[in-house]
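Welcome to this short tour! Open your viewer, keep the selection box handy, and follow along one stop at a time.

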Amino acid sequence: MTASRTTAPGTRLRRVPGAREQKPGSARTLLLEDGARVRRTVLPGGLRVVTEHIPGVRSAAFGIWVGVGSRDETPPQAGAAHYLEHLLFKGTPTRSALDISAALDAVGGEMNAFTSKEYTCFYARVLDDDLPLAVDVVSDLVTSALLRAADVESERDVILEEIAMRDDDPGDLVHEEFADAMFGPTPLGRPILGTVETIGSITPRAIRSFYQRRYRPENMVVAAAGSVDHATVVRLVRRAFGAAGMLAGDSLPALPREGRFRTRGAGDVRVVAKTTEQANVVLGVPGLSRDDDRRFALGVLNAALGGGMSSRLFQEIREKRGLAYSVFSFTSHYADTGMFGVYAGCLPKKVHDVLSLTRDELAKVADSGLTDEELVRGKGQMRGSLVLGLEDTGSRMSRIGKAELLAGRLWSTAEVLEAIDSVTVDDVRSVAATLLEVAPTLAVIGPFDDDRAFASVVT
């Protein structure tokens, strides 16, 4: 399936050079859509600034996206990217940890950060009048963190508590076990939080070295959306990053990540014995990379199979038989691979029935695809989710920031909607048959002590 490239009324696409071909200091319009304007400026050192002006709003979202995540760590560094995310809030030469948090609280703003497998984001959302403050504070903590040894030690226990909290939640832990079972001892298989062993042994020097090598301007994208003026944002960012000495040199913006991951053999079973009242299971297969054109067909399949109350899995497992309270399918996309799976939480005595029905439904879509009615519902769910998800400035900021960092190209909403609309029954059947031709991987957490009892599920 190939996505259409026609555009809807009110959308203007500019075929502009990529960031590496753009002259430093110049501004380019990337997209005009329904009154919103997306622009990009490349600053010295390769730092990219992208903004989206949205008429009629009074808020502004600001974020700094760094192209480093848990898959960039060596085994002894496991958890370093997330550890570093915590530490950047502990203080700079001009602000204490309290100063950082109080600055945004004082104006009713919000500030936070998160780490993923492939990137880290630090963000704030404020009234438009307070955007200069948000830019200054977030830029300061990203560019000028002190990373004191005392802070590394104090935060170590916090992260160990976070790992313990994750381990006490089987609904979260089962997804970690599934990734580990599917990807094995690789960067994609390791947990973002790291392990008790790696967090306990990582040194302040290792954290500082990781920061200095990875947090470079050419590896960052600054994004802002809402009631923002592009030139003003660029001026604020130039001042903040310039003060930290990070706008020097002739580095080009980093290219989007090009991984070379090759998925290991599927069909593994991972059973974690825990005394729980509920069994938590994830059954799935390797998925698609984020730039695979078939991802739209997979999205429609995911929506129809387990994306809502009308989905096959919800109807068959919960509504008709009452075997589980929670059941859904999911997809994850990375630079070079992905995951497609099903999660369910049920009473331990019902787990084999749930898994058998799940395998049956997966086999059916691999063999016959979706009905015309399911195709229409799946497309409608994807369209609605896309548009409703862009109704706030934070979502808009994330959209343009991730697009620049991960793809180097911004799709218009109209293009994505057209790509969804172009999906056919044959497209869905084809992607389902391709992905589901391999034996699935299974992760189970519950009061079970024998992997062999689940072997038939993956054969």
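## Stop 1: a strand with both faces covered

Begin by selecting strand 5, whose two faces are both covered: Ser-59, Ala-61, Gly-63 and Trp-65 are buried on one side, and Ala-60, Phe-62, Ile-64 and Val-66 are buried on the other. Keep in mind as you look around that this is a predicted model. Strand 5 runs over residues 59-66, and because eight of its eight residues are buried, the strand is largely enclosed by the rest of the structure. Buried here means under 20% relative accessible area.

## Stop 2: the partners of strand 5

Which strands pair with strand 5? Add residues 120-127 to your selection: this is strand 7, which pairs with strand 5 in the antiparallel sense over eight bridges. To see one spot in this pairing, show Val-66, which stands opposite Thr-120 in strand 7.

Now select residues 220-226, which make up strand 8. Strand 8 and strand 5 also pair in the antiparallel sense, over seven bridges. Here you can show Phe-62, which stands opposite Ala-224 in strand 8.

## Stop 3: the largest pocket

Next we turn to empty space. Rolling a probe the size of a water molecule over the atoms shows where such space is left. The largest pocket has a volume of about 1,500 Å³. It is lined by 36 residues, and to find its centre you can select Arg-290, Arg-295, Phe-296, His-333 and Lys-402, the closest to that point.

Colour the elements that give two or more residues to this lining: helix 9 (295-306), strand 11 (326-333), helix 12 (372-388), helix 13 (393-407) and helix 14 (413-421). Which element gives the most to the lining of the largest pocket? It is helix 13, with seven residues. If you colour the lining of the largest pocket by class, you will find 16 nonpolar, 12 polar and eight charged residues.

## Stop 4: the second largest pocket

For the last stop, go to the second largest pocket, with a volume of about 400 Å³. Select Lys-117, Asp-172, His-175, Glu-176 and Ile-192, which are the closest to its centre among the 18 residues that line it.

Helix 4 (149-167), helix 5 (170-183) and strand 11 each give two or more residues to the lining of this second pocket. Helix 5 gives the most, with six residues. By class, the lining of the second largest pocket divides into 10 nonpolar, two polar and six charged residues.

Conventions
Residues numbered from 1 in each chain as written. Predicted model: local features only at pLDDT ≥ 70, side-chain atom pairs only at ≥ 80, totals over all residues. Heavy atoms only, no water. 1 Å grid on protein atoms, 1.4 Å probe; cavity = no way out; pocket = protein on both sides within 12 Å on 5 of 7 lines; lining within 4 Å. Points joined across faces, edges and corners; volume = space filled by probe spheres on them. Helix = DSSP H or I, 4+ residues; strand = E, 2+ residues; numbered from the N terminus. Nonpolar A, V, L, I, M, F, W, Y, C, P; charged D, E, K, R; others polar. Buried < 20%, exposed > 50% of the residue type's maximum accessible area, 1.4 Å probe, protein only. Pairing = 2+ DSSP bridges.
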